[in-house]
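Reader: I am new to this structure and would rather understand one part well than skim the whole. Could you pick a single part, look at it closely, and then place it in its surroundings?

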Amino acid sequence: MKALHWEISMGERHHKHEPTPNQCTSALVKHIKAPLPIVWSLVRRFDEPQKYKPFVSRCIVQGEVGLAIGSVREVNVKSGLPATTSTERLELLDDHQHILGIKILGGDHRLNNYSSIITLHPEVVDGRPGTVVIESFVVDVPDGNTGDETCYFVEALISCNLTSLANVSERMAVQDPTPLPLVNHLLC
């Protein structure tokens with residue numbers, strides 16, 4: 001129960017969305033058995049989401065290549081989803097607090113006014129450095145759908161992304177021969 005209270009307090013600090021009546025919002029939590037620096041090295045790459053997001057086939061950052069606030073990317077989505085492209089803007093990138101914020105600007109999908117925040121937090125799992133990832137979002141409910149249906153769909157996508165993030169991060173942690181001191185890791 002203590003862990004759940006901690007997760008809720010982290011969510012209250014960074015994941016405050018103010019949905020309008022025609023929007024839904026939710027948050028998901030994933031515990032990853034990999035040190036925060038490894039997980040953050042994947043999450044912060046606004047220009048390479050395909051490194052861990054299984055539904056992204058390609059990403060092109062428009063204009064000057066970089067990871068600056070306001071950068072815009074064009075993402076190609078793999079077949080099987082009701083979309084092929086998404087245009088997204090980097091809203092927040094904080095390497096000290098490990099926060100990434102993204103807003104969808106357009107695309108051939110129904111995720112209008114979609115905005116998400118991802119935060120990473122160090123934790124200890126089985127005596128080793130681990131990471132808690134919290135991802136929250138707010139999005140318009142499309143005509144013909146309910147808020148519950150919309151949230152269920154977006155939560156399923158995020159859950160797949162977070163599971164993939166855990167798998168990739170945990171593989172990287174096993175392959176990295178450099179042990180991270182627990183004390184230094186928790187100060188990140």
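**A strand and its two partners**

Author: Strands β6 and β7 (residues 128-140) run antiparallel and are joined by 11 bridges. The model is a predicted one, and everything that follows should be read in that light. β6, which covers residues 115-125, is the part examined here.

The link between β6 and β7 is a hairpin, with two residues between the strands. D126 sits in that turn and has a positive phi of about 55°. On the other side of the pairing, β6 also has β5 (residues 99-107) as a partner, again in the antiparallel sense, over five bridges.

One residue shows both pairings at once. I118 of β6 stands opposite L100, and I118 also stands opposite E135 in β7.

How many residues of β6 are buried? Nine of its 11 residues are, so the strand is mostly covered, given that a residue counts as buried under 20% relative accessible area. For the chain as a whole, 45% of the 188 residues count as buried.

Next comes the stretch that leads into β5. H98 belongs to the loop between β4 and β5. Is H98 buried or exposed? H98 is buried, because its relative accessible area is 7%, and the cut-off is 20%. Along the chain, H98 and V133 are 35 residues apart, and 9.8 Å separates their C-alpha atoms.

β5 also takes part in two empty spaces. Such spaces can be found by a simple test: a probe the size of a water molecule, rolled over the atoms, shows where empty space is left.

One of the spaces is closed. The count of cavities of 30 Å³ or more comes to one, and the largest cavity holds about 50 Å³ of space. L100, already met opposite I118, is among the residues that line this cavity, as are I102, R73, L42 and V43. The rest of the lining consists of R45, F46, P49, Y52 and K53. Both β5 and helix α2 (36-43) supply at least two residues each. By type, the cavity lining divides into seven nonpolar residues and three charged ones, with no polar residue.

The other space is open. The largest pocket has a volume of about 600 Å³. Of the 29 residues that line this pocket, L81, I104, L111, F153 and L157 are the closest to its centre. The elements that give two or more residues to the pocket lining are β3 (72-77), β4 (85-94), β5 and α3 (147-175). Of these, α3 gives the most, with seven residues. The lining of the pocket is made up of 17 nonpolar, six polar and six charged residues.

It remains to place these strands in the whole chain. There are four helices and seven strands, in the order α-β-α-β-β-β-β-β-β-α-α from the N terminus on. Contacts reach across the sequence: among those between residues at least 6 apart, 56% join residues at least 24 apart. The accessible surface of the chain comes to about 10,100 Å², and carbon and sulfur atoms account for 54% of that area.

To return to the starting point, β6 pairs with β5 over five bridges and is joined to β7 by 11 bridges.

Notes. Residues numbered from 1 in each chain as written. Predicted model: local features only at pLDDT ≥ 70, side-chain atom pairs only at ≥ 80, totals over all residues. Heavy atoms only, no water. Buried < 20%, exposed > 50% of the residue type's maximum accessible area, 1.4 Å probe, protein only. Pairing = 2+ DSSP bridges. Contact = heavy atoms within 4.5 Å. Areas by Shrake-Rupley, 256 points an atom, 1.4 Å probe, with all protein chains shown as cover. 1 Å grid on protein atoms, 1.4 Å probe; cavity = no way out; pocket = protein on both sides within 12 Å on 5 of 7 lines; lining within 4 Å. Points joined across faces, edges and corners; volume = space filled by probe spheres on them. Nonpolar A, V, L, I, M, F, W, Y, C, P; charged D, E, K, R; others polar.
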